[in-house]
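Biologist: Please take one part of this model and walk me through it closely, residue by residue where that helps. I would like to see how the pieces fit together.

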Amino acid sequence: MADKRFGVIGFGNMGGAIISGAIEHGVVKADKVTIYDPSPAAAQRADQLGVAVAESERALVESSDIVLLAVKPQMFANTAAACGSFDDKAVLSIMAGVTTDRIRETLEGDPRVMRLMPNTPALVGAGAFALDADSDFSEEEKAFAKDLFGALGIVEFVPEHLLDAVTGLSGSAPAFVAMFIEALADGGLKEGLPRATAYRLAAQTCLGEAKLILDKGMTPAAAKDMVTSPAGTTIAGYAVLEEAGFRGTVMKAVSAAAQRSREL
């Protein structure tokens with residue numbers, strides 16, 4: 001895929017993170033990338049990365065072999081109308097809730113399509129990406145997509161009908177985790193810790209526990225048991241969370257986010 005040209009429509013935080021990571025890890029070369037985004041900040045970010053800026057959506061599509069659609073779902077129809085034909089193009093989409101069928105119906109031409117769901121930790125190279133296992137990408141294009149997003153975190157392939165569930169889980173959960181970190185820190189603040197110290201301890205604890213589970217291949221239950229001793233401090237706090245319906249509430253939050261993705 002080294003000779004293929006890569007285009008990005010929508011160069012906000014996520015589009016910028018994907019291209020920055022891909023260039024840094026050698027998945028794509030800056031001189032093979034073109035972006036389109038009317039924002040002056042996007043043009044400045046593109047200049048810093050050494051990538052070209054197209055004059056229009058149509059010009060970008062015409063000059064690209066693979067196009068990443070990184071616009072808001074509500075902007076898709078207007079964006080598609082400005083793009084021209086996608087015949088013999090490969091299209092990657094990070095638009096939540098916009099199905100492959102809708103993408104095909106809306107885009108002009110007959111592109112190959114792969115949907116995916118990223119999340120914001122990709123901004124620091126620790127993202128979670130779910131890619132559509134049902135895509136009609138060629139094997140070479142699928143390998144490119146895996147390398148592209150693998151440069152920014154972990155990659156899982158799932159059937160398209162499960163991407164709404166992914167949106168509810170890894171797509172939305174960064175906000176839930178941030179809320180949890182804030183709540184942990186507030187608890188520390190209540191007990192007398194300085195705010196900055198409480199934030200750092202809470203955030204590092206969540207980061208470390210996630211790394212422990214992933215690196216050691218542990219289940220969350222096993223990791224929990226490592227710090228939960230009989231009649232100890234942890235089980236006292238754990239009981240409060242259980243009594244408040246913590247786990248059930250989190251499950252409902254994931255389901256609510258997934259349902260909203262379906263509605264989009």
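Modeller: Happy to! Contact here means heavy atoms within 4.5 Å. Please keep in mind that this is a predicted model. Let us take the sheet, with T34 as our way in.

T34 is found in strand β2, which spans residues 33-36. Setting aside neighbours within four places in sequence, T34 is in contact with R5, F6, G7, V8, A52, V53, A54, L60 and S63. One of these partners, R5, is also joined to T34 through a polar contact of 3.2 Å between the two side chains. T34 counts as buried because its relative accessibility is 6%, below the 20% cut-off.

Now step back to the whole sheet. It is open and has eight strands in the order β3-β2-β1-β4-β5-β6-β7-β8, with mixed pairing. Its edge strands are β3 (52-53) and β8 (153-158), each of which pairs on one side only.

Moving along that order, strand β4 (residues 66-69) pairs with β5 in the parallel sense over four bridges, and L69 stands opposite S93 in β5. Between these two strands the chain passes through helix α4 (residues 76-81), and this β-α-β crossover is right-handed. Strand β5 itself covers residues 90-93: A90 and L92 point one way, V91 and S93 the other, and all are buried.

β5 is also joined to β6, again running parallel, by four bridges. Here L92 has M114 in β6 as its bridge partner. The chain gets from β5 to β6 through helix α5 (residues 100-106), in another β-α-β crossover that is right-handed.

R112 deserves a pause, as it lies in strand β6. Beyond residues up to four places away in sequence, R112 touches D88, K89, A90, V91, D136, F137 and E141. With E141 there is also a polar contact between side chains, at 2.7 Å. R112 and S138 are 26 residues apart in sequence, yet their C-alpha atoms are 8.4 Å apart in space. Is R112 buried, partly exposed or exposed? R112 counts as partly exposed because its relative accessibility is 21%, and the class of that name lies between 20% and 50%.

At the far end of the order, strand β7 (residues 127-132) runs parallel to β8 and is joined to it by six bridges. G127 stands opposite G153 in β8. Helix α7 (residues 163-171) packs on the sheet here, touching β6 (112-117), β7 and β8, and its direction makes about 35° with that of β6.

Lastly, the nonpolar side chains. In soluble globular proteins, nonpolar side chains tend to be buried together. The largest nonpolar core in this model has 32 residues, and F6, L68, L92, F129, L131, L148 and F149 touch the most other members. Three of these names may sound familiar: F6 is a contact of T34, while L92 pairs with M114. The third, F129, has its own list of contacts outside four places in sequence: L116, M117, P118, A122, F149, L152, G153, I154, V155 and E156. A second core, separate from that one, has 18 residues, including V61, F86, V91 and V98. So where do the side chains of β5 lead us? L92 is among the most connected members of the largest core, V91 belongs to the second, and the two point opposite ways from the strand.

Note on methods:
Residues are numbered from 1 along each chain as its sequence is written. This is a predicted model: local features need pLDDT of at least 70, side-chain atom pairs count only at pLDDT 80 or more; totals for chains, interfaces and linings use all residues. Side-chain values use heavy atoms; hydrogens and water are left out. Two strands pair if DSSP finds at least two bridges between them. Axes are lines fitted to C-alpha atoms, for helices over the stretch in contact, and angles run from 0 to 180 degrees between N-to-C directions. A nonpolar core is a set of buried Ala, Val, Leu, Ile, Met, Phe, Trp, Tyr and Cys residues joined through side-chain atoms within 4.5 Å. Buried means under 20% relative accessible area, exposed over 50%, partly exposed in between (1.4 Å probe, protein chains only). A polar contact is a pair of N or O atoms within 3.5 Å; within protein, one must be able to donate a hydrogen and the other to accept it, and residues adjacent in sequence count only if both atoms are side-chain atoms. A crossover is right-handed if, with the strands pointing away from the viewer, the path from the first strand over the helix to the second runs clockwise.
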